[in-house]
Amino acid sequence: EAGVDSPMNCAPKAGRRAAAIMGRLLRRQSSVAQAPGLRSYPVIGSMLNLPAENVWHLQRRAARANAPDIYLMFANGYSKMGHFYTMGFPGVGEGVHGTIYICSDPEEYVQVIRGEGLHPSGAVETQWPSISALKRMPGADEPGGATRGALNIFGHGEAWRQERMFFQQDLQTPKAARGYIPGLAKAAQLASRGAPACADSMDSFAARSSFDLFTAAFFGQLIESADPATPSLPGNLEFAEAILDATMLLVPMLQSPVEMLKDRVGVESADARLLRDKFSVTMEHASGLVRSFVERWEAGELNKYEQASYLRAALDRRLKNEHVTEEALVGISFILLAASVDTTSSLVNWTLLQLAVDREAQRKLAAELQRELGVGGSLTPEVTQSGRGQWLPYLRSVVREVHRMRPSIPVSLMKRTATEVDMCGYTVPAGSLVMLDSFSPQARRHGRPASSTQHCLDPRPRRPRRPRRPR
């Protein structure tokens, strides 16, 4: 029986629109080069190629509970097809099959990067659930507004370039990062107190801790959502819950053919509506935080953490950049919050897990931290400036090794080809989505030996002091 958000209730207009879209997808699909690939089917792509324990469920609730292991999905493709192949991922890739190209050879992939030009593409453009939710929010068509500013980040035109050039300053350089260390250290200290109470839900603890760390760096504010025993303002907790709930919705929606089809015909599903509601709550609270911050910045009332925050530096730079409005800063803060929580918490989760099963690495790391920082000590800018970047070398090695074994996602880069490109002996048409899979050549769960690739040293697990390949 058709529900309220079923395409059946939108006929015949939605039916005509769906037929037109399918026609365009089929025509586009016919031009895709015949590179080797996993078997793919219209609408569902290559999901049926997954191992038995990851068989796709089309039901919405089942999909959320049993979403495919994306690491195993890519490792399985590499095992069957090697360094270059195609996969069907509807909603993300091209055509009715959702064709994407997977490359595990960085020397071949560099051709995609070299041909990008002034407005390169990126993974964020594939986030159709987020794009659709933002387009349905008020202000999506208002230049300079918060929603429009957030949407600009999902493109790659001139508006994207201006915002990207603005917000990446004071964010990526080591010198800028050192300025956020006091706030980050204080937020981490407060968050760590909540770990014992969250022993049965460490994934939630990692996500809340990541949220607290980012808000400390961006706003210079200590939200304190990770420790259940710490009082926190209700609005801040609602803010944290909304952004965490939104990130939990995104991946199942991206992997669902049903969600993709509903979106393509203009139907807002229950999950899409919930995502939009969570985005609205997040945007509203981010707007309040930015406006309050601006008022205190103008009045000279910022505390020491706020003085050292990213937003304070951005406000100083905004005085010289008329293209970035206060509302655009709200949109930028919203996007950075959404992007930071899931990726940071993923690395924290895997680090905790790997240390838990490797007592020797755990012991060495604890010894280094106590030796360098003292018992109960804290990381400071002075510590990070010592040794010309060699501070806490074992911690650095642990983080790098965990990220090698289990990155936040198995692909390092996702880009569309600006022109036709020859890769691994095959022609990739212009406009194709090509992913760099840096995880699978090192994985041990498939038949193809990881040591067979020239780009990896010995891939044995958990070697924090792994030597680096000479440059």
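Let's start with the rings. F214, F218, F219 and Y310 are linked into a cluster by ring pairs. Keep in mind that this is a predicted model.

In total, there are 8 aromatic pairs. Take F214 and F218. Their ring centres are 5.6 Å apart and the planes meet at 25 degrees, so this pair is stacked. Both sit in helix α10, 4 residues apart, which is about one turn of the helix. Both are buried.

Now a pair with another geometry. F279 and F334 are edge-to-face, with 5.0 Å centre to centre and 85 degrees between the planes. F279 is in helix α13 and F334 in helix α16, so this pair ties together parts 55 residues apart in sequence. These two are buried as well.

On to the core. The largest nonpolar core has 52 residues. Among those with the most contacts inside it are L134, F211 and F279. Several helices each supply at least two of its residues, including α5, α10, α13 and α16. What does L134 touch, beyond its neighbours within four places in sequence? Its contacts include A140, L151, F279, M283 and F334. There is also a second, separate core of 17 residues, and W128 is one of them.

W128 has a charged partner too. The charged end of R264 sits over its ring, 6.0 Å from the centre. R406 does likewise over the ring of Y71, at 4.5 Å from the centre.

Last stop, S104. This serine is in the loop between β2 and α4. Buried or exposed? Buried, because its relative accessible area is 4%, and the cut-off for buried is under 20%. A polar atom of its side chain lies 3.3 Å from the backbone oxygen of D437. S104 also touches Y78, H83, L436 and P441, among residues over four places away in sequence.

Methods. Residues are numbered from 1 along each chain as its sequence is written. This is a predicted model: local features need pLDDT of at least 70, side-chain atom pairs count only at pLDDT 80 or more; totals for chains, interfaces and linings use all residues. Side-chain values use heavy atoms; hydrogens and water are left out. A nonpolar core is a set of buried Ala, Val, Leu, Ile, Met, Phe, Trp, Tyr and Cys residues joined through side-chain atoms within 4.5 Å. Buried means under 20% relative accessible area, exposed over 50%, partly exposed in between (1.4 Å probe, protein chains only). Contact means heavy atoms within 4.5 Å. A polar contact is a pair of N or O atoms within 3.5 Å; within protein, one must be able to donate a hydrogen and the other to accept it, and residues adjacent in sequence count only if both atoms are side-chain atoms. Rings of Phe, Tyr and Trp (its six-membered ring) pair if their centres lie within 6.5 Å; planes under 30 degrees apart count as stacked, over 60 as edge-to-face and the rest as tilted. A charge sits over a ring if NZ of Lys or CZ of Arg is within 6 Å of the ring centre and within 35 degrees of the ring normal.
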